[in-house]
Every structure is written in structure tokens, then in C-alpha cells.
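Dear colleague,

I am passing on to you the structure that you will find just below. Please look through it first, and then read the notes that follow, which go through what was found in it.

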Amino acid sequence: MTDTTTFLNELTTLLGERGLLREPDVMARYVSDWAGDTLGMPLAIARPANTADVAEVAKRCYEHGIAMTPQGGHSGLVAGALPADNGQELVISLERLNSVRAIDPVNFTITVDAGCILENVKLAAAEHDCDFPLSLGAQGSCQIGGNIATNAGGLNVLRYGMMRELVLGLEVVLPDGRIWESLNTLHKDNRGYDLQQLFLGSEGTLGIVTGAVLKLSPRPTQNRTALLGLPSIQAVIDLYGLARRECCDLLTAFELIPRRCIELAIEATPELRDPLEDAYPWYVLMEVAATGPVDLSALLEALLETGMERELVLDGALAASDTQSAQLWQFRESMLEGQRRRGEHLRTDISVPISAIPDFVARASEVVMAASPECEIIAYGHVGDGNLHFNILPPTAMADSDKKAHLHGLEERLFEVLDGFNGSISAEHGIGRTKQAPYLARLSPVERELVSGVKALFDPKGLMNPGRILPAVE
């Protein structure tokens, strides 16, 4: 191990005063995420301005045995990009790598730096009459590199797929400082192993993504949004099956929302009003979008008429303008803030087969309530891809010091139910630190050997984001 003062002085010479932050008060914003989770202070914050500087920082860390923590927009939920509490990890922030390098509206591709904020990429694509369809609540702050590292999902997966389906090429700095450049703009390329797929979802444990070629789509010229009241979660699933057939690939979002989430949204955003005349146990927020001469209003109205005839839909509000559409989507965004204001709670991002959602919610609710009758279950999510956020608010009277252990016990019971449905403990947030134990417990010996082998091949010294996904190498 090198003398850290000498090492940091070298980085200051390389990156300049703006490029290396060392004072605790300045580093504070780099040690917490959206959820308010905070870990220990890092060794320092490196802020390289280009790929060459990222490579040089990684090379020097590799030579001196310094652990590296790649960091994007602080919107992760599994503590994967937060520095450890030992003060020995160098955070490498990509925030200064924020340029759009090229746009090809005929090839429908955009090439960007990894530090580009998702919303800015979407705006750049829109200027060329294109759309980058990844849609997240954190799109105003999350960065493309983080989206790639976590294989982000979001609201439009049922139509456009996860981030894995939206990346054509990558530029990556490897742990030893070498640059692997494969900024491929080809839509079809079948030359052997697809190495870039290893970096998608790797959570910064194999290398640092510095650039990407992303797949664009034609920009929708029209969309229609509806918020519907339904009698049961089974009715939600039945309506989804009907909508998937009637709307085909024009269906872009189909969100499951319980009544409690509507109430939380109104609490968090007082200007919101109850969207329907009566309250219903379950709601669906759905959207269809198209380019060209498609009568979306007629399509959606016909779907809702059929849904009402089958007693799946009890009432609904259809947005007549973009403003009204944004107001309906505000319920989906504000309910997250409403949960956060309740303090510490269990956040999950599990997935099960779509058809199994009603049975899973019923069984999981039964098990959780038997173990903690005074807790509050909030189950919502992306019906079109089977992704549920089965969240749990602890009893209001419980002491803060007891909540973490209590919620951990409920999570274990929840995951046991999930195993019976052959589900996944992480559909979109990743593993990071917080889900490492249940992830490892569910790996077969063969899979553990293969995963560990990939990590060892790319990062033999175990310096790249150690302790995330897999345990750190001693």
C-alpha cells in the first residue's frame, strides 16, 4: 500500500484542484443517496473531466492498491455507489463527463458521456425528433453510466425493455486503467461474445463506463393517459391482459397503484386532489403512445368500455391534454415522496411472473401481517414486467432503534415467499451491499463459481467497487 498523502498529491497534480476534493464538508454530498442512506467518508473524491483522466486515475489506483468506487447521480437504492466507512475508497465521480458526443437521427443512435443526466439525453434526442425511452422518477439527476451499471428499468420496460436492450456500444475503463472501446453503432452485430453485456448490471464491479451508444426510437407524436379505479388486484391483471392484446405495442406503461399510495401522494403534494369521485381499492395508471395517424382516443375508449362491461374497471379519468397527463403521473411520483416522509421503511423491487402477482401479493401480505400485525404494506409496481415494490412501513409506535432489525426480519420472510414463486429479489435496483446476503444465499455453487470467475478475470486485485454484489477480497 502506498502512502496516501503522496498518492492524493499525485491525483491533485493530474486533475487539478477542481478534480480532487479532500475536505470532509465538501465531500459530504458524495456519501448519501436519494433515500437518505449514508455511509462513511471516502479517501477523497476524484472528478476526472474525460475518459483519459478516468483511465489515469484507475491506473494509479491499481498500481497503489487503492479501492475505487465509481459514482453517478446518487439515485441508487442499494448502497452500491456509496463509499465504505473505512476511509480507504476513492470515489470516482463521473459528473464532469457530461457531453453528448454525437446524434444520428437516421440510424436512431446517440453517443454520450457516462456522466450525462438522463433527462438531458432525452431532451437532446427530442431536438432531433427522436426519443430515448428510458423513463425513471430520478431522470432529472441519475446519470447514464449509473443506468448502465444497474441495468435500469423504469416505467416503459413493457414496450422498450430494460437498459440492456437500449445500449448498442460502450466505452469502459478497466480496473488497471486500460480502455476498452466498443462504441458500436450497429443494430446487428453477431461477432462472438458480447462483452458489453457483462458491464450492464455489473454495478461498477468490473470497470467504469465512460461512454455509451444508446438506441433511440421515433418520438411519439401523441399519447393518452388514463387513471382507472378497479375492484381487485385480479381485475388489474385481467385488464392488463386485455390491454396488451387490444393496444399491442402502443401500450407504454401500466402501473399498479393501491389506494394507500393515492393517499400518500396527496399528503406529499397537497395541491393534488382525489382523481376520481369515489375511492377504490386499486388503481391503474396506463399510457398509450404512437407516431402517425392512429386514433389513440378511440383505442383507449374502446378498451375501457370493454373493461367496464367485464366489470374490471369501475371508473376512470382520461387526460385530455399533456397538462392533465402530467397531473395524473404526479400521483405516481408523489407517492414515493409520501413514503420517504414516513422515515425508515423496507423498500423492495422484486419480480414474479405477471400472472402470479395476485397470488403473490395475497400470500406475502398474509405472512408479513402474521409476523407484524401493526405494520403497513404498500404494494405497487410495473405490472407489464412483473416488477413489484412490496414496501413495508414499520409500526408507528416502534422505536427508531428497533426498526432496522424488525424490517430485516420481515424482508427475510418476504423473500421466502418469493422463492416459492420462483421470483427475483431484485428486478431493477440491483444487489449493491444491501441485498448481497440474500443474493449469495440463492446462488447455486456453479453460478457462484462463474460469477466469481468473471469478477476475478476483470478485477484480479479486487479494487473495483469492492464489497458490492460479491464480498470484498481480503
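A polar contact is a pair of N or O atoms within 3.5 Å, where, within protein, one atom must be able to donate a hydrogen and the other to accept it, and where residues adjacent in sequence count only if both atoms are side-chain atoms. One such pair involves N156, since a polar atom of its side chain lies 3.0 Å from the backbone oxygen of P133.

Before going further, please note that this is a predicted model, in which local features need pLDDT of at least 70 and side-chain atom pairs count only at pLDDT 80 or more, while totals for chains, interfaces and linings use all residues. Residues are numbered from 1 along each chain as its sequence is written, and side-chain values use heavy atoms, with hydrogens and water left out.

To return to N156, this residue sits in the loop between α5 (144-149) and α6 (157-160), where helices (H or I, at least four residues) and strands (E, at least two) are DSSP runs numbered from the N terminus. N156 counts as buried, at 15% relative accessibility; the word buried stands for under 20% relative accessible area, with exposed for over 50% and partly exposed for what is in between (1.4 Å probe, protein chains only). Once neighbours within four places in sequence are left aside, N156 is in contact (heavy atoms within 4.5 Å) with P133, S135, G161, T252 and A253.

The next topic is the sheets. An open sheet of seven strands runs in the order β15-β12-β14-β13-β17-β18-β16, with antiparallel pairing, two strands being paired if DSSP finds at least two bridges between them. At the edges stand β15 (315-318) and β16 (350-351), each with a single partner strand, so one side of each is left without a neighbour in the sheet. The partnership of β15 with strand β12 (residues 222-230) is antiparallel and extends over four bridges, and within it A317 of β15 is the bridge partner of L227. Helix α8 (residues 233-247) packs on this sheet, touching β12, β13 (251-258) and β14 (282-290), and its direction makes about 175 degrees with that of β13; here axes are lines fitted to C-alpha atoms, for helices over the stretch in contact, and angles run from 0 to 180 degrees between N-to-C directions. Helix α10 (residues 296-309) also packs on the sheet, where it touches β12, β14 and β15, with a direction at about 15 degrees to that of β12.

In strand β16 there is a residue that deserves its own paragraph, namely I350. I350 is buried, with a relative accessible area of 0%. Not counting residues up to four places away in sequence, I350 touches F360, G386, N387, L388, F390, F415, L418, S424, I425 and A427. The C-alpha atoms of I350 and G423 are separated by 7.1 Å, although these residues are 73 residues apart along the chain.

A further open sheet has four strands in the order β1-β2-β4-β3, with mixed pairing, and its edge strands are β1 (20-21) and β3 (67-71), each of which pairs on one side only. Five bridges join β3 to strand β4 (residues 89-93) in the parallel sense, with L90 in β4 as the bridge partner of M68. Helix α3 (residues 51-64) lies across β2 (44-46), β3 and β4, and runs at about 170 degrees to β4.

There is also a hairpin to look at, in which strands β8 (residues 167-173) and β9 (residues 179-182) run antiparallel and are joined by four bridges. In this pair V172 stands opposite W180 of β9, and G177, in a hairpin with five residues between the strands, takes a positive phi near 100 degrees.

Two residues that are not glycines likewise have a positive phi. E203, at about 55 degrees, lies in the loop between α7 (196-199) and β10 (208-215) and is buried, with a relative accessible area of 9%. I469, at about 65 degrees, has its place in the segment after α15 (445-458) and is buried as well, with a relative accessible area of 11%.

With best regards
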